[in-house]
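Got a structure open and not sure how to read it? Let's go through it together, one feature at a time.

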Amino acid sequence: MGNINYSKIGERIKAARTSLFLTQEQAAERCDITPSFYGNIERGNKKMSVETLVKISKGLKISVDRILFGDAASTSDDEVSHICQAVRQAHDPDQYKKYLEIIRTLAGIIDRL
């Protein structure tokens, strides 16, 4: 396991904040932390507890895995939503079962593709 890159984590947090058109102060308030501490996290100058990580995740509506690992390690909520919506729109129970079977099959072979 490699070193934790706090600068990259801070960049991802900043990107989430700016995508919501928030100032650091507004984001800090949403995350229930001080603006000074929030700014230091964005700059990669301070480490944060798991509790603070979760507060930032909830406050900025970004998954913890995306904060920690970036886009390469997470699937966007929109993509997951589209998959769930397609399965939910199955017109009958048999179609629903087929969707689930396809998803399970793909999950089992995904590493071989």
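What follows is a chat about helix packing, burial and backbone angles.

Q: Before we start, what kind of model is this?

A: It's a predicted model, so keep that in mind as we go.

Q: Okay. How do people describe two helices that pack together?

A: In general, two packed helices are described by the angle between their axes and the distance between the axes. Here, try helix α2 (residues 24-31) and helix α4 (residues 50-60): their axes come within 8 Å and cross at roughly 115°. That makes α2 roughly perpendicular to α4. As for handedness, the crossing of α2 past α4 is right-handed.

Q: Which residues make the contact between α2 and α4?

A: On the α2 side you'll find Ala27, Arg30 and Cys31, and on the α4 side Lys55, Ile56, Gly59 and Leu60. Sorted by class, the contact of α2 with α4 has four nonpolar residues, one polar and two charged.

Q: At what angle do α2 and α3 pack?

A: At about 105°, and the axes of α2 and α3 are 9 Å apart. The two helices are therefore roughly perpendicular to each other. From α2, the contact uses Gln24, Glu25, Ala27 and Ala28; from α3, it uses Pro35, Tyr38, Gly39 and Glu42. The class split for α2 with α3 is four nonpolar, two polar and two charged.

Q: Is there a general trick for seeing which residues of a helix share a face, and what does α3 look like?

A: The trick is that an α-helix has 3.6 residues a turn, so residues three or four places apart point the same way. In α3, the buried residues are Tyr38, Gly39, Asn40, Ile41 and Glu42. What do they pack against? The buried residues of α3 pack against α1 (6-19), α2 and α4.

Q: Glu42 caught my eye. Is Glu42 buried or exposed?

A: Burial is read from relative accessible area, and under 20% counts as buried. Glu42 has 6%, so it's buried. You'll find Glu42 in helix α3 (residues 35-42).

Q: And what does the side chain of Glu42 pair up with?

A: Two polar contacts to look at. One, of 2.9 Å, joins the side chains of Glu42 and Gln24. Another, of 2.7 Å, links the Glu42 side chain to that of Tyr38. Leaving out residues up to four places away in sequence, Glu42 touches Gly10, Glu11, Ile13, Lys14, Arg17 and Gln24.

Q: What about a buried residue in α4?

A: Try Ser57, which is found in helix α4. Ser57 has a relative accessible area of 12%, so it counts as buried. Again not counting residues up to four places away in sequence, Ser57 touches Ile62, Ser63, Val64 and Ile67.

Q: How about something in between buried and exposed?

A: Look at Ser7 in helix α1: at 37% relative accessibility, Ser7 is partly exposed. Its contacts beyond four places in sequence are Arg43 and Gly44. The C-alpha atoms of Ser7 and Glu25 are 19 Å apart, with their positions 18 residues apart along the chain.

Thr34 is another case, in the loop between α2 and α3. Thr34 has 47% relative accessibility, so it counts as partly exposed too. The Thr34 side chain reaches the backbone nitrogen of Phe37 at 3.1 Å. Thr34 and Phe69 are 35 residues apart in sequence, and C-alpha to C-alpha they are 24 Å apart in space.

Q: Last one: what should I make of a positive phi?

A: The general idea is that most residues other than glycine have a negative phi. Phe21 is not a glycine, yet it has a positive phi of about 60°. Phe21 is in the loop between α1 and α2, and at 74% relative accessibility it counts as exposed.

Q: Where is Lys61, and what is its phi?

A: Lys61 is in the loop between α4 and α5 (64-69). Although Lys61 is not a glycine, it has a positive phi of about 55°. With a relative accessible area of 66%, Lys61 is exposed.

Q: And what phi does Gly44 take?

A: Gly44, just after α3, takes a positive phi of about 80°.

Key: Residues are numbered from 1 along each chain as its sequence is written. This is a predicted model: local features need pLDDT of at least 70, side-chain atom pairs count only at pLDDT 80 or more; totals for chains, interfaces and linings use all residues. Side-chain values use heavy atoms; hydrogens and water are left out. Axes are lines fitted to C-alpha atoms, for helices over the stretch in contact, and angles run from 0 to 180 degrees between N-to-C directions. Helices (H or I, at least four residues) and strands (E, at least two) are DSSP runs, numbered from the N terminus. Angles under 35 degrees count as roughly parallel, over 145 as roughly antiparallel, 65 to 115 as roughly perpendicular and the rest as oblique. A crossing is left-handed if the near helix is turned anticlockwise from the far one by less than a right angle, and right-handed if clockwise. Contact means heavy atoms within 4.5 Å. Ala, Val, Leu, Ile, Met, Phe, Trp, Tyr, Cys and Pro count as nonpolar, Asp, Glu, Lys and Arg as charged, and the others, Gly among them, as polar. Buried means under 20% relative accessible area, exposed over 50%, partly exposed in between (1.4 Å probe, protein chains only). A polar contact is a pair of N or O atoms within 3.5 Å; within protein, one must be able to donate a hydrogen and the other to accept it, and residues adjacent in sequence count only if both atoms are side-chain atoms.
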